[in-house]
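Subject: Handover of a structure for your review

Dear colleague,

Please find below the structure that I am handing over to you, followed by an account of what was found in it.

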Amino acid sequence: MFRRVLVLCALMVPGVAQADEISGEWCSPEGQSLTIRGSRVVAPSGIETDGRYSRHRYEFAMPAGGADAGAAVVLQQLSDEEVLYSIDGSTPVSWTRCRAVTS
């Protein structure tokens, strides 16, 4: 019984619950975007490539023919709406799920 109470309390703490999954379209504060579909990603350059996918983390090398070709990119999902994006070990930047613009 005590163990169940501890588990329930832990799940109620903000940031403890994991996001559903990292697949989808993500946007940077500067307007760049990328789309993850399983092990495939469409990089900000628009070029599609393979990466290493897990439910809450994605890693890939920027594809040849685009900006930062060969650079290592890591996305770590924090919530359903936010990932941390890091390129070649740089300080991670918060990216959010892209939203369709309606008129």
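A residue counts as exposed when its relative accessible area is over 50%, as buried when that area is under 20%, and as partly exposed in between. Arginine 99 has a relative accessible area of 55%, so this residue is exposed. Please note that the model is predicted.

Overall composition

The protein chain contains one helix and nine strands. Read from the N terminus, the helix precedes the strands, in the order α-β-β-β-β-β-β-β-β-β. The chain has 103 residues, of which 27% count as buried. Its exposed surface amounts to about 6700 Å², with carbon and sulfur atoms supplying 56% of that area. Among contacts with a separation of 6 or more, 30% are between residues 24 or more positions apart.

Strand β6 and its partners

Strand β6 covers residues 57-61, and its side chains alternate. Tyr58 and Phe60 point to one face and are buried, whereas Arg57, Glu59 and Ala61 point to the other face and are not. In a regular strand, such alternation between the two faces of the sheet is the general rule.

On one side of the pairing is strand β5 (residues 52-54), which is antiparallel to β6 and joined to it over three bridges. The two strands form a hairpin with two residues between them, and arginine 52 stands opposite glutamate 59. Strand β7 (residues 72-79) also runs antiparallel to β6, and five bridges join the two. Here phenylalanine 60 stands opposite valine 73.

Aromatic pairs

Three aromatic pairs were found in a search of the whole structure. In one of them, the ring centres of tyrosine 58 and phenylalanine 60 are 6.0 Å apart and the planes meet at 55°, so the pair is tilted. Tyrosine 58 has a relative accessibility of 0% and therefore counts as buried; phenylalanine 60, at 5%, is buried as well. A second pair, tyrosine 85 and tryptophan 95, is stacked, with 4.2 Å from centre to centre and 10° between the planes. Because tyrosine 85 lies in strand β8 (residues 82-87) and tryptophan 95 in strand β9 (residues 93-97), this pair ties together parts that are ten residues apart in sequence. Both tyrosine 85 and tryptophan 95 are buried. Ring pairs also link Tyr53, Tyr58 and Phe60 into a cluster.

The disulfide

The count of disulfides comes to one. Cysteine 27 and cysteine 98 form it, with their sulfur atoms 1.8 Å apart. The torsion about the S-S bond is about 115°, so the disulfide is right-handed. Cysteine 27 belongs to strand β1 (residues 24-27) and cysteine 98 to the segment after β9, which means that the pair ties together parts 71 residues apart in sequence. Cysteine 27 is partly exposed at 22% relative accessibility, while cysteine 98 counts as buried at 17%.

Salt bridges

A search of the whole structure finds five salt bridges. Arginine 40 takes part in two of the interactions described here. With glutamate 48, the closest N and O atoms of arginine 40 are 3.1 Å apart; with aspartate 50, the corresponding distance is 2.8 Å. The latter pair links distant parts of the chain, with arginine 40 in strand β3 (residues 40-42) and aspartate 50 in strand β4 (residues 48-50), ten residues apart. Arg40, Glu48 and Asp50 are thus linked in a network of salt bridges. Arginine 40 is partly exposed at 29% relative accessibility, as are glutamate 48 at 40% and aspartate 50 at 47%.

The side chains of glutamate 81 and arginine 99 also meet in a salt bridge, at 2.0 Å from N to O. Glutamate 81 is in the loop between β7 and β8 and arginine 99 in the segment after β9, so that distant parts of the chain, 18 residues apart, are linked. Glutamate 81 is partly exposed, with a relative accessible area of 36%.

Backbone points

Most residues other than glycine have a negative phi. Aspartate 68, in the loop between β6 and β7, has a positive phi near 60°. Aspartate 88, in the loop between β8 and β9, likewise has a positive phi, near 50°. Aspartate 88 counts as exposed, at 56% relative accessibility.

With kind regards

How values were computed: Residues numbered from 1 in each chain as written. Predicted model: local features only at pLDDT ≥ 70, side-chain atom pairs only at ≥ 80, totals over all residues. Heavy atoms only, no water. Helix = DSSP H or I, 4+ residues; strand = E, 2+ residues; numbered from the N terminus. Buried < 20%, exposed > 50% of the residue type's maximum accessible area, 1.4 Å probe, protein only. Contact = heavy atoms within 4.5 Å. Areas by Shrake-Rupley, 256 points an atom, 1.4 Å probe, with all protein chains shown as cover. Pairing = 2+ DSSP bridges. Phe/Tyr/Trp six-rings, centres within 6.5 Å; stacked < 30°, edge-to-face > 60°. Disulfide = S-S within 2.5 Å. Salt bridge = Lys/Arg side-chain N within 4 Å of Asp/Glu carboxyl O.
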